[in-house]
Amino acid sequence: MDKKEESALHAVRLESGAHTPLLYLLIPLILGFVLATRFSDNSVSIIWLIVALILCIAATFISAKFPSQKTLYLWGATFCLTATLGSWLYYAHRVPPPPDLSQQPNREADVVIEVDRVFALRSRELRIAGIGELINAPKYAPQLRGQMIYFQCWKENIDAPVGRGGKIRIRGKLEPTPNDPDGFDGYLRQQGCYLKLSQASLKEITAPQPWLYQQFSRINERWQAILKTGADSPRTKQLAGIATAMLLGEKAALTTEQKERYIASGTMHLFAVSGLHVGIVAGLLVAVLAGLRIPRKLRPLIGLLLLMGYVQVTGAAPSAIRAWWMAFFFWTAFGLMRKPQPLSALACSALVVLLFDPRQLWSAGFQLSYTVVTGLLVYGVPLQDWLRQRFEPYRLIIANDLTRAQRFVRWSVNAMFGLLAISFAATLYSAPLSVRYFGVLAPGAFLLNIPLVTLAPLAMTASMLAVVAGWIGWTAATTFANHASWIFIAGMDALGPWLPENARKLTYIGLALARVWLCGGAGYAGRGLASGGPPNACLGALWAASCPHVSRACIWHRVTSD
């Protein structure tokens with residue numbers, strides 16, 4: 001390798017932003033949480049924590065008195081040990097152990113629940129479902145007070161809305177949540193819900209939502225009505241439902257066929273308010289605040305408040321809260337005149353989220369979010385830079401001497417490289433977890449994500465413009481923006497019928513590219529990066545898992561079905 005190539009690879013390594021000292025705290029935190037779930041003897045953890053703390057203090061004095069590489073390693077080891085044991089003890093006290101429900105009979109109970117989350121149901125006028133805290137336990141089991149519980153009940157004659165922060169009285173069958181790690185019950189247990197209330201009916205609303213949550217709910221309803229402006233035919237109503245699902249995370253607006261299609265193709269993330277949605281809204285806020293000439297130090301404050309408002313309007317899903325914390329740290333560094341580091345912002349957000357709610361470590365959403373974003377930062381972005389440095393057109397021509405046509409070609413090729421690298425990295429890093437949690441493997445999904453991820457931001461931007469225009473009462477602009485959004489969404493939805501016909505081709509192309517990258521491309525692009533090993537490992541697992549199913553050759557399949 002000549003000096004020019006070495007310098008190019010060195011530039012890629014520098015742009016990866018891999019300098020994240022907070023990982024020395026985050027990794028021991030996660031390790032301590034894992035130990036806490038395996039061992040529950042708090043006395044042992046306290047004893048060892050005291051010993052480790054004494055050793056850490058001693059190592060600090062030694063490294064300060066005799067600075068050297070060995071003493072620095074000694075201090076790092078004792079610090080990580082202390083942090084691990086401290087997080088072990090924190091998790092043991094922060095997360096109560098599961099209640100003993102072995103002797104708990106399944107019987108009818110009348111309970112009061114403080115609602116924490118409400119799930120979207122298609123028949124929300126008749127039924128409600130969600131997660132809450134048991135405020136008033138049944139008389140035969142008072143020890144269940146304070147436990148998290150999942151409920152699904154009929155509203156009967158109660159028309160008042162039920163939302164976060166409200167208290168409701170429900171009567172139904174109280175039973176333990178089945179231990180099914182691969183189903184919805186497994187998700188509930190990960191959230192700390194070891195109780196279920198089924199075959200239930202809503203008796204009364206004992207306390208309404210707090211005033212602020214009521215305002216967010218009204219804004220959500222107003223936005224849904226605005227996004228339907230101009231939908232006067234069955235097709236436009238269907239597209240308006242997809243737009244609502246995409247901007248507000250209202251999956252109930254999707255038909256069953258659409259849900260199955262997007263889940264199977266690995267693109268259902270477009271309809272769950274997460275990093276993509278929060279990032280698009282944050283980008284729009286950055287552009288608006290910069291256009292209004294807001295002082296740089298005030299932009300993070302105003303922008304983050306507005307961004308939190310959007311998160312609350314959409315229901316404050318955990319994925320949206322995680323994305324907001326990442327935007328908080330990244331944008332705050334920008335406002336404080338510091339160089340933002342995406343990987344550091346990611347580590348900070350993970351640390352804050354786990355400190356507030358350690359249970360999220362075991363949720364599929366948390367693992368997918370941080371695994372995919374980490375893959376984008378440590379592998380996708382460097383791979384994108386490498387592709388541009390190696391294959392950018394007109395590299396030998398000075399930028400000022402390029403014609404408009406040449407500049408457009410260069411921009412188009414670079415944009416395609418960026419979409420390909422980012423989509424490939426996201427699919428690559430999410431594949432093992434998708435197989436583990438959903439039994440879905442989509443080898444060609446990264447090819448499908450290229451047009452979808454291109455159209456989704458355009459559709460969401462048009463929908464946001466429609467919301468703004470509708471909020472100020474400009475009906476003509478609202479209708480125009482909605483139709484613009486529906487055009488982009490129609491392009492996304494048109495891929496649906498096309499998928500089954502071309503599934504075999506996309507699968508072979510996806511697996512072939514993965515195989516080529518596994519043999520050389522991924523190792524070369526990731527050389528010198530910490531990401532060099534994980535991409536090859538993920539690709540190897542992806543290829544090995546896919547080979548037995550190539551004969552079935554569809555872009556999606558349930559790998560657990562064989």
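Select L29 first, which is found in helix α2; helices here (H or I, at least four residues) and strands (E, at least two) are DSSP runs, numbered from the N terminus. This is a predicted model, in which local features need pLDDT of at least 70 and side-chain atom pairs count only at pLDDT 80 or more, while totals for chains, interfaces and linings use all residues. Residues are numbered from 1 along each chain as its sequence is written, and side-chain values use heavy atoms, with hydrogens and water left out.

With L29 still selected, colour by accessibility: L29 has a relative accessible area of 8% and is therefore buried, where buried means under 20% relative accessible area, exposed over 50% and partly exposed in between (1.4 Å probe, protein chains only). Leaving aside neighbours within four places in sequence, L29 is in contact with S87, L351, L354 and L355, contact meaning heavy atoms within 4.5 Å. Add C80 to the view, and the C-alpha atoms of L29 and C80 are 8.9 Å apart, although the two are 51 residues apart in sequence.

Next, show helix α2 (residues 23-38) together with helix α12 (residues 342-356), whose axes come within 10 Å and cross at roughly 35 degrees. The axes are lines fitted to C-alpha atoms, for helices over the stretch in contact, and angles run from 0 to 180 degrees between N-to-C directions. This crossing of α2 and α12 is left-handed, a term used if the near helix is turned anticlockwise from the far one by less than a right angle, with right-handed used if clockwise. To see what lies between them, select L23, L25, L26, L29, I30 and F33 in α2, which meet A347, A350, L351, L354 and L355 in α12. By class, the contact of α2 with α12 has 11 nonpolar, no polar and no charged residues; Ala, Val, Leu, Ile, Met, Phe, Trp, Tyr, Cys and Pro count as nonpolar, Asp, Glu, Lys and Arg as charged, and the others, Gly among them, as polar.

Now turn to the aromatic rings, of which a search of the whole structure finds 15 pairs. Rings of Phe, Tyr and Trp (its six-membered ring) pair if their centres lie within 6.5 Å, and planes under 30 degrees apart count as stacked, over 60 as edge-to-face and the rest as tilted. One pair to select is W324 and W325, which is edge-to-face, at 5.2 Å centre to centre and with 75 degrees between the planes. W324 counts as buried because its relative accessibility is 11%. Widen the selection to F328, F329 and F356, and these form one aromatic cluster with W324 and W325.

Which helices hold Y379 and Y429? Y379 lies in helix α13 (residues 364-391) and Y429 in helix α14 (residues 404-438), so the pair ties together parts that are 50 residues apart in sequence. Y379 is buried, with a relative accessible area of 1%, and Y429 is buried as well, at 9%.

Go on to S485 in helix α16 (residues 475-493), a residue that is buried, with a relative accessible area of 1%. Not counting residues up to four places away in sequence, S485 touches A243, A459, A462 and S463.

Finally, zoom out to the protein chain, which has 18 helices and 5 strands. Of its 562 residues, 46% count as buried.
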